[in-house]
Amino acid sequence: MPAGSGSPQPLEFLAFTLGQEEYGIDIQKVQELRGYDTVTRIANAPEHIKGVVNLRGIIVPIIDMRIKFNLGTPNYDQFTVVIILNMANRVMGMVVDSVSDVITLSPDQVKPAPEIGSVLDTDYLIGLGTLDDRMLILVDIDKLMSSADMGLIEKLVD
């Protein structure tokens, strides 16, 4: 490293799986992890919004990421996890197949996402994180959750 340059801050991501792929989101957005519980369905909500739960007095919308990313029918089991996110003073939950660990990546381990016709719009990607033989699809959860098709969250939470 050149003299006088500050060392870049490592980034921490919560690693989770959907189908065969491993994803990562900024750990600072994660409030807690919970097992999947029954949700209260909201009439006319998009399919990927499973409904809401009451989390210690806060009504929290629950989004199924497997449905959101068109990865097939979700199978809720003992490994299914709801990641409770806290972003811009809004609390929401996202259902994932499983959570593995927290991964620390240096900026040079994050590569730009290739422009390919993927399931996930590349606008929502930070890039691809590489660690040994693992590759994580790093999701910009703020952009994803505030996107136009997720706009219902604004209505549900208000």
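Let me begin with one pairing: strand β2, residues 21-26, and strand β11, residues 134-139, run in the parallel sense and are joined over two bridges, where two strands are said to pair if DSSP finds at least two bridges between them. Within this pairing, Tyr23 stands opposite Ile137 in β11. Before going further I should say that this is a predicted model, in which local features need pLDDT of at least 70 and side-chain atom pairs count only at pLDDT 80 or more, while totals for chains, interfaces and linings use all residues. Residues are numbered from 1 along each chain as its sequence is written, and side-chain values use heavy atoms, with hydrogens and water left out.

The two strands I started with belong to an open sheet of six strands, whose order is β8-β1-β2-β11-β10-β9 and whose pairing is mixed. At the edges of that sheet stand β8 (98-105) and β9 (110-111), each of which pairs on one side only. For the protein as a whole, the secondary structure comes to three helices and 11 strands, these being DSSP runs numbered from the N terminus, with H or I over at least four residues for a helix and E over at least two for a strand. Along the sequence, the elements follow the pattern β-β-β-β-β-α-β-β-β-β-β-β-α-α.

Now to the other sheet I want to show, an open one of five strands in the order β3-β6-β7-β5-β4, again with mixed pairing. Its edges are β3 (30-35) and β4 (49-55), and each has a single partner strand, so one side of each is left without a neighbour in the sheet. Neighbouring strands of this sheet are turned by 30 degrees against each other on average, direction ignored, where the axes are lines fitted to C-alpha atoms, for helices over the stretch in contact, and angles run from 0 to 180 degrees between N-to-C directions.

Staying with the edge strand β4, its pairing with β5 (residues 58-64) is antiparallel and extends over six bridges. Val53 stands opposite Val60 in β5, and Leu55 stands opposite Ile58. The two strands form a hairpin with two residues between them, and Arg56 in the turn has a positive phi of about 50 degrees. As for β5 and β7, they pair in the parallel sense over three bridges, and the partner of Ile62 in β7 is Gly93. Five of the seven residues of β5 are buried, so this strand is largely enclosed by the rest of the structure; buried means under 20% relative accessible area, exposed means over 50%, and partly exposed is in between, with a 1.4 Å probe and protein chains only. Across the protein, buried residues make up 44% of the 158 residues.

Which residues outside glycine have a positive phi in the loops? One is Asn44, with phi near 65 degrees, found in the loop between β3 and β4 and exposed, with a relative accessible area of 80%. Another is Ala88, with phi near 50 degrees, placed in the loop between β6 (81-87) and β7 (90-96) and likewise exposed, at 75%.

Turning to the aromatic residues, a search of the whole structure finds three aromatic pairs, where rings of Phe, Tyr and Trp (its six-membered ring) pair if their centres lie within 6.5 Å, and planes under 30 degrees apart count as stacked, over 60 as edge-to-face and the rest as tilted. The ring centres of Phe16 and Tyr23 are 5.6 Å apart and their planes stand at 15 degrees, so this pair is stacked. Phe16 counts as buried at 1% relative accessibility, and Tyr23, the residue I mentioned opposite Ile137, is buried at 5%. Together with Phe69, these two residues form one aromatic cluster.

Finally, how many cavities of 30 Å³ or more are there? The count comes to one, and about 30 Å³ of space lies in the largest cavity. On a 1 Å grid over the protein atoms alone, a cavity is a set of points where a 1.4 Å probe fits but cannot get out, and lining residues have an atom within 4 Å of a point; grid points are joined across faces, edges and corners, and the volume is the space filled by probe spheres set on the points. Among the residues lining the largest cavity are Leu18, Asp64, Arg66, Tyr76 and Asp97.

Technical notes. On a 1 Å grid over the protein atoms alone, a cavity is a set of points where a 1.4 Å probe fits but cannot get out, and a pocket is an open set with protein on both sides within 12 Å along at least five of seven lines; lining residues have an atom within 4 Å of a point.
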